[in-house]
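This report walks through selected local features of one protein chain. It moves from loops to helices, then to strands and the surface.

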Amino acid sequence: MKNYFDSINRIFNSYNSGKKISFCQYSKFTMLILEIFYEYNFIENYFLLIINKKKFIIIFVKSIYYLKYFSKPSRKISLKNKKINNLLLNMSLGIINTNLGLLTFKEAKRIGISGYIILIIL
């Protein structure tokens, strides 16, 4: 399992178990996803922690009710710009991996770019 899948699962499971703090390993991709989560108020804050030259992330979770993965490391599901409709735009948050980096569905539709669906959060 990729590191960012494990990190997002830890965040989701910690919120569902009633804990507001999550602890996961560092990766650049995870940090990009956390920036989007922070921008859309799914997490309160996150901090980078370095212990014995190993990097970890401490995350304070606000609210994540439902999480659905679409692309997995073994099976990537692409989404073309023309297929992004109003149903996908009105969802809470959808993250797509493009050649410009991680974008939400609304940003990808506005720019007119397609990519791989990572996840959808409600």
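With a relative accessible area of 72%, N52 is exposed, because that value is over the 50% cut-off. The model shown is predicted. N52 sits in the loop that joins β2 and β3. Its phi is positive, near 50 degrees, and N52 is not a glycine. Most residues other than glycine have a negative phi.

N41 is another such case. Its phi is about 60 degrees, again positive in a residue that is not a glycine. N41 belongs to the loop between α2 and β2. At 44% relative accessibility, N41 is partly exposed. Helix α2 is followed by this residue. Helix α1 is likewise followed by a residue with positive phi: G18, near 95 degrees.

**The two helices**

Which residues does helix α1 cover? It takes in residues 3-16. The table sets the expected span of each helix beside the computed distance between its end C-alpha atoms.

| Helix | Residues in helix | Expected span | End C-alpha distance |
|---|---|---|---|
| α1 | 14 residues | 20 Å | 20 Å |
| α2 | 12 residues | 16 Å | 17 Å |

For α1, the end-to-end distance agrees with the expectation at 1.5 Å a residue. For α2, the two values agree as well.

Helix α1 has a buried set made up of Y4, F5, S7, I8, I11, F12, S14 and Y15. These buried residues pack against β1 (21-25), α2 (28-39), β3, β4 and β8 (115-121).

In α2, the buried residues are T30, M31, I33, L34, I36 and F37. Their cover includes α1, β2 (43-51), β3, β6 (93-98), β7 (101-104) and β8. Each helix thus appears in the packing of the other.

**The salt bridge**

How many salt bridges are counted? The count is one. R10 pairs with D6, and their closest N and O atoms are 3.2 Å apart. Both residues lie in helix α1, four residues apart, or about one turn of the helix. R10 is partly exposed, because its relative accessible area is 41%, between the 20% and 50% cut-offs. D6 is partly exposed too, at 27%.

**Strand threonines**

T98 lies in strand β6. Is T98 buried or exposed? At 10% relative accessibility, T98 counts as buried, because buried means under 20%. Its side chain has two polar contacts with backbone atoms listed here. A polar atom of the T98 side chain lies 3.2 Å from the backbone nitrogen of L100. A polar side-chain atom of T98 also lies 2.8 Å from the backbone oxygen of G101. Leaving out residues up to four places away in sequence, T98 touches L103, I113, S114 and G115.

T104 is placed in strand β7. T104 is buried, at 3% relative accessibility. Which residues does T104 touch, not counting residues up to four places away in sequence? They are I36, Y40, L93, G94 and I96. One of them, I36, is also among the buried residues of α2.

**The β3–β4 loop and a surface patch**

K62 is found in the loop between β3 and β4. K62 is partly exposed, with a relative accessible area of 36%. K62 and K19 are 43 residues apart in sequence, yet their C-alpha atoms are 10.0 Å apart in space. Beyond residues up to four places away in sequence, K62 touches Y15, K20, N41, F42, I43 and E44. Two names there have come up already: Y15 is buried in α1, while N41 lies in the loop between α2 and β2.

Y65 sits in the loop between β3 (54-61) and β4 (67-69). Y65 is exposed, because its relative accessible area of 58% is over 50%. Which residues form a nonpolar patch on the surface with Y65? Y66 and L122 do. Together, Y65, Y66 and L122 have about 350 Å² of accessible area.

Note on methods: Residues are numbered from 1 along each chain as its sequence is written. This is a predicted model: local features need pLDDT of at least 70, side-chain atom pairs count only at pLDDT 80 or more; totals for chains, interfaces and linings use all residues. Side-chain values use heavy atoms; hydrogens and water are left out. Patches are made of residues with over 30% relative accessible area and no salt bridge: like charges are joined within 9 Å, nonpolar side chains (Val, Leu, Ile, Met, Phe, Trp, Tyr) within 5 Å. Accessible areas come from the Shrake-Rupley method with a 1.4 Å probe; for residues, only the protein chains shown count as cover. A salt bridge is a side-chain nitrogen of Lys or Arg within 4 Å of a carboxyl oxygen of Asp or Glu. Buried means under 20% relative accessible area, exposed over 50%, partly exposed in between (1.4 Å probe, protein chains only). The expected span of a helix is 1.5 Å times one less than its number of residues. Contact means heavy atoms within 4.5 Å. A polar contact is a pair of N or O atoms within 3.5 Å; within protein, one must be able to donate a hydrogen and the other to accept it, and residues adjacent in sequence count only if both atoms are side-chain atoms.
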